[in-house]
Amino acid sequence: MGRAFEFRKARKMKRWAAMSKAFTRIGKDIVMAVKEGGPDPDSNSRLRAVIQNAKSVNMPKDNIERAIKRASDKNQGDYKEVVFEGYAPHGIAILVETATDNNTRTVANIRSYFNKCDGSLGTSGSVVFMFDHTCNFKIKGDDLDLEELELELIDFGVEEIFEDTDEDEDGKEITSVMIYAPFESFGSIQSYLEENSIEILSSGFERIPQVTKTLTAEQIEDVEKLLEKIEEDDDVQNVYHTMEETSV
């Protein structure tokens, strides 16, 4: 398996544990999608993708509809996507994706987390080159020939396709298929899957570190302190780093 498979395997247990955090994140995604392309998911591909993601974390339909309605209100402020780059202790590069309606507040908060945890906030471009910006799709794997699908998607830049397993609320194992490709391939792959009636369960973007660094248990604790502070911030959408992670 490739880097995307290992990256996903290691991060699965570290994803948004708190449902409220996931809902907050998706709520912002809905606002940005509606502001960009309007409230109709049939004509707004970005909004369609966000709604799929909302369903994948069991966000109630009423919540989704209310969020779209609020986002359509002229008085609803917009969120700006801002990326922060820096270093945690022990030379670990960190990339922070935020969605904020108050950049001054967000900058001050992110800087304070780095300072308090012996890290350093860097300038734009200081670490982003260490990560590959990818898009991903989770699709239903029923009756799909993965080899055939991979051949069909090669022209769209797809780099990895593999089976992924999760558990439902009853503990039953569910198998799906993950697709990873470069960031810019998102739109064309989304169109292909929809045109061929392949159900998209969720989709999104990730930054996969090109090289990771192994730390001692004590050093990992130092880095985790910073990561936890950053991840708890309401403006933060995603956090990526170059510390070696394990899947257990």
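Author: Quick definition before we start: helices (H or I, at least four residues) and strands (E, at least two) are DSSP runs, numbered from the N terminus. And bear in mind that this is a predicted model.

Reader: Okay, which elements each supply at least two residues of the lining of the second largest pocket?

Author: That pocket holds about 250 Å³ of space, and 16 residues line it. The elements that each give at least two of its lining residues are α1 (3-11), β7 (200-209) and β8 (236-241).

Reader: Which element gives the most to that lining?

Author: Look around the pocket's centre: Glu6, Phe7, Ala10, Thr212 and Glu244 lie nearest to it. Helix α1 spans 3-11. With 6 residues, the top contributor is α1.

Reader: How many residues of the lining are charged?

Author: Sort the lining of the second largest pocket by class and you get 6 nonpolar and 3 polar residues. The charged count is 7.

Reader: β8 is in a sheet too, right next to other strands. Which strands sit at the edges?

Author: It's an open sheet of 4 antiparallel strands, running β3-β1-β2-β8. An edge strand here pairs on one side only, and that fits β3 (120-121) and β8.

Reader: What stands opposite glycine 86?

Author: Strand β1 covers residues 80-88, and 2 bridges join it to β3, with the two running antiparallel. Across from glycine 86, in β3, is leucine 121.

Reader: And which helix packs on the sheet?

Author: This one touches β1, β2 (92-100), β3 and β8. Its direction makes about 15° with that of β1. The helix, residues 103-116, is α5.

Technical notes: Residues numbered from 1 in each chain as written. Predicted model: local features only at pLDDT ≥ 70, side-chain atom pairs only at ≥ 80, totals over all residues. Heavy atoms only, no water. 1 Å grid on protein atoms, 1.4 Å probe; cavity = no way out; pocket = protein on both sides within 12 Å on 5 of 7 lines; lining within 4 Å. Points joined across faces, edges and corners; volume = space filled by probe spheres on them. Nonpolar A, V, L, I, M, F, W, Y, C, P; charged D, E, K, R; others polar. Pairing = 2+ DSSP bridges. Contact = heavy atoms within 4.5 Å. Axes fitted to C-alpha atoms, helices over the stretch in contact; angles between N-to-C directions.
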